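Here are a few short exercises to work through at your own pace. Try each one with the viewer open before you read the solution.

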Amino acid sequence: MFNLIVSSGLQEEPHGSIMASRALEYTSNDLREMFAPEGRLDTARLTTLPTIFLQEGTGDEIAGVGWLTN
């Protein structure tokens, strides 16, 4: 299992933040309940997974792999 983050600003800055309200969009209900029980985002659990970072676009894109931190 892994996180996937798609953003338009990944190439300019290697660090950033994500609004909690955007987390788990397009995620199945069973996974949403696993990572946000009772609607509360479990950031400690999310940070245990590797993360694929993908620049938003329509052409050939380059992805990076890393980790989420608090």
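**Exercise 1. Sheet topology**

In which sense do S1 and S2 pair, and over how many bridges? Work out the order of the strands as well.

Solution, step by step. This is a predicted model, so we are reading computed geometry throughout.

- Start with the S1 and S2 pair: the two strands run parallel and are joined by five bridges.
- Next, take strand S2 (residues 50-55) with S3: five bridges join them, and here the sense is antiparallel.
- Put the two pairings together, and you have an open sheet of three strands in the order S1-S2-S3, with mixed pairing.
- The edges are strand S1 (3-7) and strand S3 (63-67), each of which pairs on one side only.
- From one strand to the next, the twist averages 25°.

**Exercise 2. Bridge partners**

Find the bridge partner of Ile5 in S2, then the bridge partner of Phe53 in S3.

Solution, step by step.

- Going from Ile5 into S2, you arrive at Phe53.
- Going from Phe53 into S3, you arrive at Gly64.
- For another rung, look at Thr51, which stands opposite Gly66 in S3.

**Exercise 3. Classifying Ile52**

Is Ile52 buried, exposed or partly exposed? List its contacts too, leaving aside neighbours within four places in sequence.

Solution, step by step.

- Locate the residue: Ile52 sits in strand S2.
- Compare its accessibility with the cut-offs: buried means under 20% and exposed over 50%. Ile52 counts as partly exposed because its relative accessibility is 26%.
- Collect the contacts on that basis: Ile52 touches Phe2, Asn3, Leu4, Ile5, Ala63 and Gly64.
- Check one C-alpha distance: Ile52 and Ala63 are 11 residues apart along the chain, and their C-alpha atoms are separated by 6.6 Å.

**Exercise 4. The nonpolar core**

Which residues form the largest nonpolar core? Then examine the surroundings of Phe35.

Solution, step by step.

- The largest core has five residues, namely Leu24, Phe35, Ala36, Leu46 and Leu49.
- Beyond its neighbours within four places in sequence, Phe35 has contacts that include Leu24, Leu46 and Leu49.
- The other contacts of Phe35 on that list are Met1, Arg40, Leu41, Asp42 and Arg45.

**Exercise 5. Confidence**

Where in the chain is confidence lowest, and where is it highest?

Solution, step by step.

- For the chain, the average pLDDT is 85, and 91% of the residues score at least 70.
- Confidence is lowest in S1, with a mean of 87, and highest in helix H1 (residues 29-35), at 95.
- A reminder for reading any such model: where pLDDT is low, the predicted coordinates should not be read in detail.

Conventions. Residues numbered from 1 in each chain as written. Predicted model: local features only at pLDDT ≥ 70, side-chain atom pairs only at ≥ 80, totals over all residues. Heavy atoms only, no water. Core = buried A, V, L, I, M, F, W, Y, C linked by side-chain atoms within 4.5 Å. Buried < 20%, exposed > 50% of the residue type's maximum accessible area, 1.4 Å probe, protein only. Contact = heavy atoms within 4.5 Å. Pairing = 2+ DSSP bridges. Helix = DSSP H or I, 4+ residues; strand = E, 2+ residues; numbered from the N terminus. Axes fitted to C-alpha atoms, helices over the stretch in contact; angles between N-to-C directions. pLDDT = per-residue confidence, 0-100.
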